[in-house]
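Colleague: Before I plan any bench work, could you walk me through this model, one feature at a time?

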Amino acid sequence: MQKPTIAIIGPGRAGSALGRALHKASYTIAAIGGRNPDNVRNLAAELGARACQSPATTIDLADLTILAVPDDVILPLATDMADSLCSAAGRSVVHLSGAQDRGALRPLAQQASLRTGVFHPLQTFRRGPQAAQNVAGTYFGIDADPPFRDLLMQLAGDVGGHHFDLSGVDRALYHAAAVFAANYPTTLLAEAIALASQAGLEAETARQGMTTLLAGVVKNLSELTPAEAITGPASRGDLGTIQRHLDALKNDPELQRLYQLLADRTKLLDPDKEAAA
Ligand SMILES: NC(=O)c1ccc[n+]([C@@H]2O[C@H](COP(=O)([O-])OP(=O)(O)OC[C@H]3O[C@@H](n4cnc5c(N)ncnc54)[C@H](OP(=O)(O)O)[C@@H]3O)[C@@H](O)[C@H]2O)c1
């Protein structure tokens with residue numbers, strides 16, 4: 001299958017990471033569009049693309065446009081673009097959101113007859129060039145009609161990723177799951193670092209020590225199910241230790257409640273049930 005030329009609107013975390021990965025995979029990045037002229041110009045210069053301010057112009061310059069803008073911006077931007085497009089013949093557009101379905105691109109599909117789809121990287125991208133290193137190995141959720149779907153599957157494979165079908169998947173629930181996996185462990189780690197510092201560890205030791213601990217957890221989880229990987233007092237049934245932790249957290253009732261909730265959910269992890277599922 002021939003490689004489509006690519007335009008990216010939104011040179012932020014996800015847009016830059018994908019742009020760099022696609023460029024490395026020998027895709028032509030024809031145009032970068034967006035809001036902040038400096039960010040647009042910088043990524044365009046790096047990837048040999050044209051810098052555009054107008055999204056409607058950006059879409060005109062490539063076979064496939066990737067809308068890498070915040071979730072809430074997708075529909076209004078698609079509406080503006082559908083109103084100002086000159087020609088859309090043969091062009092396609094995807095967004096990268098796991099929380100939104102293809103409906104967010106409805107104006108471009110209905111008014112402008114573009115092929116539309118969702119191309120959700122089930123991954124976390126930080127700011128800066130290092131983010132592109134997370135692209136290989138990523139699972140991409142795809143919602144599009146064939147033959148466009150085949151093209152997006154090829155795109156995922158070409159950047160070293162995997163793909164799965166997102167059509168018919170409850171997006172709010174699916175994205176809540178992704179947030180549990182990607183975001184809240186970070187929130188919990190921040191609490192762990194603060195508590196360890198409060199307990200008397202030097203700040204950098206707390207950060208390095210707790211982060212290394214989390215890295216060990218993630219390594220185990222890459223080889224074991226959560227029920228097999230879990231350790232600690234809730235999984236062992238060390239109720240006395242749990243009570244000592246709760247007592248130590250008495251000055252922060254919210255965190256104490258969160259600890260109790262997590263301990264209760266941890267006790268429900270059942271290796272036998274998981275093995276049978
Ligand atoms: N980051 C991740 O880990 C990740 C993972 C999977 C999926 N996604 C999805 O990727 C999409 C982008 O997320 P992100 O994290 O990359 O966000 P981000 O880092 O905040 O980047 C958003 C980009 O959109 C631009 N933008 C914002 N409002 C705009 C508007 N009204 N018109 C045109 N451009 C606008 C921003 O412009 P400026 O350059 O002016 O800031 C920025 O370049 C979202 O749908 C998100 O759900 C993100």
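Modeller: Domain bounds here come from an automatic or database domain assignment. Please keep in mind throughout that this is a predicted model.

Colleague: With that in mind, what distance separates the centres of domain 1 and domain 2?
Modeller: The assignment divides the chain into domain 1, residues 6-170, and domain 2, residues 180-276. When the centre of each is taken over C-alpha atoms, the separation between domain 1 and domain 2 is 36 Å.

Colleague: Which are the edge strands of the open sheet of eight strands?
Modeller: The strands follow the order β3-β2-β1-β4-β5-β6-β7-β8, and their pairing is mixed. Neighbouring strands of this sheet are turned against each other by 25° on average, with direction ignored. A strand at the edge pairs on one side only, and the two that do so are β3, residues 50-52, and β8.

Colleague: What is the handedness of the crossover from β7 to β8, right or left?
Modeller: Strands β7 (residues 139-143) and β8 (residues 162-165) run parallel and are joined by four bridges, with I142 standing opposite D165 of β8. Between these strands the chain passes through helix α6, residues 148-158, in a β-α-β crossover that is right-handed.

Colleague: Which strands does α6 touch where it packs on the sheet?
Modeller: The direction of α6 makes about 30° with that of β6 (115-122), whereas helix α2 (residues 37-47), which lies across β2 and β3, runs at about 170° to β2. As for the contacts of α6 on the sheet, the strands touched are β5, β6, β7 and β8.

Colleague: How many residues of the shell around the ligand are charged?
Modeller: The ligand is surrounded by 24 residues, of which the closest are G10, G12, A14, N36 and S97. Helices α1 (13-24) and α4 (71-84), together with strand β6, each supply at least two residues of this shell. Sorted by character, the shell holds 10 nonpolar and 11 polar residues, and the number of charged ones is three.

Colleague: Which peptide bond is cis, and where does P147 lie?
Modeller: Most peptide bonds are trans, but a cis bond, with omega near 5°, is found here from P146 to P147. The place of P147 is the loop between β7 and α6.

Colleague: Which residue has a positive phi although it is not a glycine?
Modeller: Most residues other than glycine have a negative phi. In the loop between α1 and β2 there is a residue whose phi is instead positive, at about 70°, although it is not a glycine, and this is S26.

Terms used: Residues are numbered from 1 along each chain as its sequence is written. This is a predicted model: local features need pLDDT of at least 70, side-chain atom pairs count only at pLDDT 80 or more; totals for chains, interfaces and linings use all residues. Two strands pair if DSSP finds at least two bridges between them. A crossover is right-handed if, with the strands pointing away from the viewer, the path from the first strand over the helix to the second runs clockwise. Axes are lines fitted to C-alpha atoms, for helices over the stretch in contact, and angles run from 0 to 180 degrees between N-to-C directions. Two residues are in contact if their C-beta atoms, placed from the backbone, lie within 7 Å. A residue is near a molecule or strand if its C-beta atom, placed from the backbone, lies within 6 Å of it. Ala, Val, Leu, Ile, Met, Phe, Trp, Tyr, Cys and Pro count as nonpolar, Asp, Glu, Lys and Arg as charged, and the others, Gly among them, as polar.
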